[in-house]
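Subject: Handover of a structure and findings

Dear colleague,

Please find the structure below, handed over for your consideration. The findings follow directly after it.

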Amino acid sequence: PDAALKAEQVTIETAKGERTFTVEVVRNEKERGRGLMFRHEMAAGHGMLFDYDPPQQIAFWMKNTFIPLDIIFIGADGRILNIAEKTTPLSLERLPAEGKARGVLEINAGLSEKFGIKPGDRVRHALFDPPQK
């Protein structure tokens, strides 16, 4: 992991219960552009959360990405819009969000299915839960 990115927690509320991942959060264009490229492994229970502010129509691809991933697109309300499951490493196929995404969570491929993570499930993290004033 990049030392500059501090680990944060993301929790997904599923029909099968809550699942928490330790994530690196990428907030700027340079970090987002690199993402998980060139890495060859990611620890179980870990992931990367991409911050898109303002929410926007986006698509990911797997260029230079060696780890098969589940890519979870999340709306501003913290609800999962759609999931690109078990993506193909190094593929140039565009994987679009179904709506404007505020965040995108990448986790190891197959975990969405394993944990029952589905569109409409709620994701809890500061990106989607503004601090109460």
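I begin with Ala-15, which counts as exposed because its relative accessibility is 82%, where over 50% is required for that class. Ala-15 belongs to the loop that runs between E1 and E2. Between its C-alpha atom and that of Glu-113 there is a separation of 12 Å, the two residues being 98 apart along the chain. Please bear in mind throughout that this is a predicted model.

Salt bridges

The count of salt bridges comes to 9. As a general point, side chains of opposite charge can pair when their charged atoms come close.

Arg-124 deserves attention here. One of its partners is Glu-13, with the closest N and O atoms 2.6 Å apart. This pair connects distant parts of the chain, since Arg-124 is in strand E9 (residues 122–124) and Glu-13 in strand E1 (residues 7–14), 111 residues apart. Arg-124 also forms a salt bridge with Glu-18, where the closest N and O atoms are 2.8 Å apart. Because Glu-18 lies in strand E2 (residues 17–26) and Arg-124 in strand E9, this second pair ties together parts that are 106 residues apart in sequence. As for accessibility, Arg-124 is partly exposed, with a relative accessible area of 29%, and Glu-13 is likewise partly exposed, at 30%.

A further salt bridge joins the side chains of Arg-102 and Asp-51, at 2.3 Å from N to O. Here too distant parts of the chain are linked: Arg-102 is in strand E8 (residues 101–108) and Asp-51 in strand E3, 51 residues apart. Both Arg-102 and Asp-51 are buried. These two residues belong to one network, in which salt bridges with shared partners join Glu-8, Arg-27, Asp-51, Asp-53 and Arg-102.

Backbone geometry

Asp-53, a member of that network, is joined to Pro-54 by a cis peptide bond, with omega at about 10°. Pro-54 is located in strand E3. For context, most peptide bonds are trans, and most residues other than glycine have a negative phi.

Two residues may be noted for their phi values. Asn-64 has a phi near 60°, which is positive in a residue other than glycine. Asn-64 sits in the loop between E4 and strand E5 (69–74) and counts as partly exposed, at 26% relative accessibility. Leu-90 has a phi near 70°, again a positive value in a residue other than glycine.

Surface and loops

Leu-90 is found in the loop between strand E6 (80–84) and strand E7 (95–96). Which residues form a nonpolar patch on the surface with Leu-90? They are Phe-38 and Phe-66, and the accessible area of the three together is about 270 Å². Leu-90 is partly exposed, with a relative accessible area of 44%; it can therefore enter a patch, for which over 30% is needed.

Pro-119 is placed in the loop between helix H2 (111–115) and E9. Its relative accessible area is 52%, so Pro-119 is exposed. The C-alpha atom of Pro-119 is separated by 5.1 Å from that of Asn-82, although their positions lie 37 residues apart along the chain in terms of numbering.

The largest pocket

The largest pocket holds about 200 Å³ of space. Its lining consists of 15 residues, and those that lie nearest the centre are Arg-32, Gly-33, Met-37, Phe-60 and Trp-61. By class, the lining divides into 8 nonpolar, 3 polar and 4 charged residues.

Which elements each supply at least two residues of this lining? They are helix H1 (29–34), strand E3 (46–56) and strand E4 (59–60). The largest share, 3 residues, comes from H1. Strand E3, which contributes to the pocket lining, is also the strand that holds Asp-51 and Pro-54.

I would be grateful if you could view these points alongside the structure shown above.

With kind regards

How values were computed. Residues numbered from 1 in each chain as written. Predicted model: local features only at pLDDT ≥ 70, side-chain atom pairs only at ≥ 80, totals over all residues. Heavy atoms only, no water. 1 Å grid on protein atoms, 1.4 Å probe; cavity = no way out; pocket = protein on both sides within 12 Å on 5 of 7 lines; lining within 4 Å. Points joined across faces, edges and corners; volume = space filled by probe spheres on them. Helix = DSSP H or I, 4+ residues; strand = E, 2+ residues; numbered from the N terminus. Nonpolar A, V, L, I, M, F, W, Y, C, P; charged D, E, K, R; others polar. Patch = residues over 30% accessible without salt bridge, like charges linked within 9 Å, V, L, I, M, F, W, Y side chains within 5 Å. Areas by Shrake-Rupley, 256 points an atom, 1.4 Å probe, with all protein chains shown as cover. Salt bridge = Lys/Arg side-chain N within 4 Å of Asp/Glu carboxyl O. Buried < 20%, exposed > 50% of the residue type's maximum accessible area, 1.4 Å probe, protein only.
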